[in-house]
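Visitor: I would like a close look at a single part of this model. Please take one buried region and work outward from there.

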Amino acid sequence: MTPTDTPPLGAPPAAAVRPTPRFLFAHPAHAIALGFGAGLSPAAPGTVGTLWAWAAWLVLQAWLAPAALGWVVLASLPVGWWAATVTARHLGLLDPGSIVVDEVMAFWLVLWLVMPAGWIAQLVAFALFRFFDAAKPGPVGWADNLFHGFGWRGGLGIVFDDLVAAFCTLFVIALWRHFA
């Protein structure tokens with residue numbers, strides 16, 4: 001199967017495809033979903049995608065006001081959902097680890113609400129987010145099992161658990177700030 005062979009919406013492709021640099025640039029959704037290459041990392045693509053999100057945020061923050069950054073976060077949600085849906089269908093996998101747009105938009109949400117913050121606070125936010133995203137305790141595990149399949153439900157399932165991980169991260173940070 002090639003990236004241009006697209007099955008009907010909601011139908012899985014004939015065979016799973018491993019993402020390559022060629023796959024990355026074959027469709028705009030692939031580039032977005034794979035974090036412009038971060039998802040091609042052979043080790044820990046979710047962590048690499050979150051690091052890419054952090055670096056990209058610091059660059060965006062230098063150019064945009066907080067309100068504009070909020071609009072970027074808001075716009076990333078439907079765009080990321082679409083990109084994850086299309087890319088998962090083209091890869092033939094329900095929740096490919098190479099799709100990192102979910103980490104990007106969820107960590108952007110965390111950073112938007114935490115900033116301005118020093119490097120230690122940002123590092124704590126990163127570590128908490130990666131913990132909740134990778135270990136999937138409690139509500140994150142529930143969210144991870146809520147939506148499955150190809151099509152819009154699968155794309156929502158890919159991004160939803162990361163948004164819940166972001167909210168858990170923010171909740172812990174809020175508790176930390178309240179009691180510190």
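Guide: What follows starts at one glutamine and moves outward through its neighbours.

This is a predicted model, so local features need pLDDT of at least 70, side-chain atom pairs count only at pLDDT 80 or more, and totals for chains, interfaces and linings use all residues. Residues are numbered from 1 along each chain as its sequence is written, and side-chain values use heavy atoms, with hydrogens and water left out.

Start at Gln122. It sits in helix α6, residues 119-135. Helices here are DSSP runs of H or I, at least four residues long, and they are numbered from the N terminus. Gln122 has a relative accessible area of 4%, so it is buried. Buried means under 20% relative accessible area, exposed means over 50%, and partly exposed lies in between, with a 1.4 Å probe and protein chains only.

The side chain of Gln122 has a polar atom 2.8 Å from the backbone oxygen of Ala117. Leaving out residues up to four places away in sequence, Gln122 touches Trp54, Leu58, Phe107, Met115 and Ala117. Contact means heavy atoms within 4.5 Å.

Two of those neighbours open up the surroundings. Take Met115. A cis peptide bond joins Met115 to Pro116, with omega at about 5°. Pro116 belongs to the loop between α5 and α6.

Now take Phe107. It pairs with another ring, and the whole structure holds 11 aromatic pairs. One of them is Phe107 with Phe129, which is tilted: 5.6 Å centre to centre, 35° between the planes. The partners come from distant parts of the chain, Phe107 from helix α5 (residues 101-114) and Phe129 from helix α6, 22 residues apart. Both Phe107 and Phe129 are buried. Rings of Phe, Tyr and Trp (its six-membered ring) pair if their centres lie within 6.5 Å; planes under 30 degrees apart count as stacked, over 60 as edge-to-face, and the rest as tilted.

Another pair is Phe131 with Phe132. This one is edge-to-face, at 5.3 Å centre to centre and 65° between the planes. Its two members differ in exposure. Phe131 has a relative accessible area of 45%, so it counts as partly exposed. Phe132 is at 12%, so it counts as buried.

Back to the rings around Phe107. Trp54, Phe107, Trp119, Phe126 and Phe129 form one aromatic cluster. Gln122 touches two members of that cluster, Trp54 and Phe107.

Next, the helix that carries Phe107. Helix α5 is mostly covered, with 12 of its 14 residues buried. Among the buried ones are Val104, Phe107, Trp108, Leu111 and Val114. The cover over these buried residues includes α2, α3, α4, α6 and α8. The end C-alpha atoms of α5 are 20 Å apart, which agrees with the 20 Å that 14 residues should span at 1.5 Å a residue. The expected span is 1.5 Å times one less than the number of residues.

Trp54 leads to helix α3, residues 45-63. This helix has 19 residues and reaches 27 Å from its first C-alpha to its last, close to the 27 Å expected. Its buried residues include Pro45, Gly49, Ala53, Trp54 and Trp57. They are covered by elements that include α4 (66-91), α5 and α6.

Pro45 points to one more buried site. Ser98, in the loop between α4 and α5, has 9% relative accessibility and so counts as buried. Not counting residues up to four places away in sequence, Ser98 touches Pro19, Ala33, Leu34, Gly39, Pro45 and Leu91.

Two backbone details lie at the borders of this region. Ala44 is in the loop between α2 (28-33) and α3. Its phi is near 50°, a positive value in a residue other than glycine. Ala44 has a relative accessible area of 44%, so it is partly exposed. Lys136 is in the loop between α6 and α7 (139-144). Lys136 also is not a glycine, and its phi is positive, about 50°. At 24% relative accessibility, Lys136 counts as partly exposed.

To recap the starting point: Gln122 is buried in the model, and its contacts include Trp54 and Phe107.

Notes
Helices (H or I, at least four residues) and strands (E, at least two) are DSSP runs, numbered from the N terminus. A polar contact is a pair of N or O atoms within 3.5 Å; within protein, one must be able to donate a hydrogen and the other to accept it, and residues adjacent in sequence count only if both atoms are side-chain atoms.
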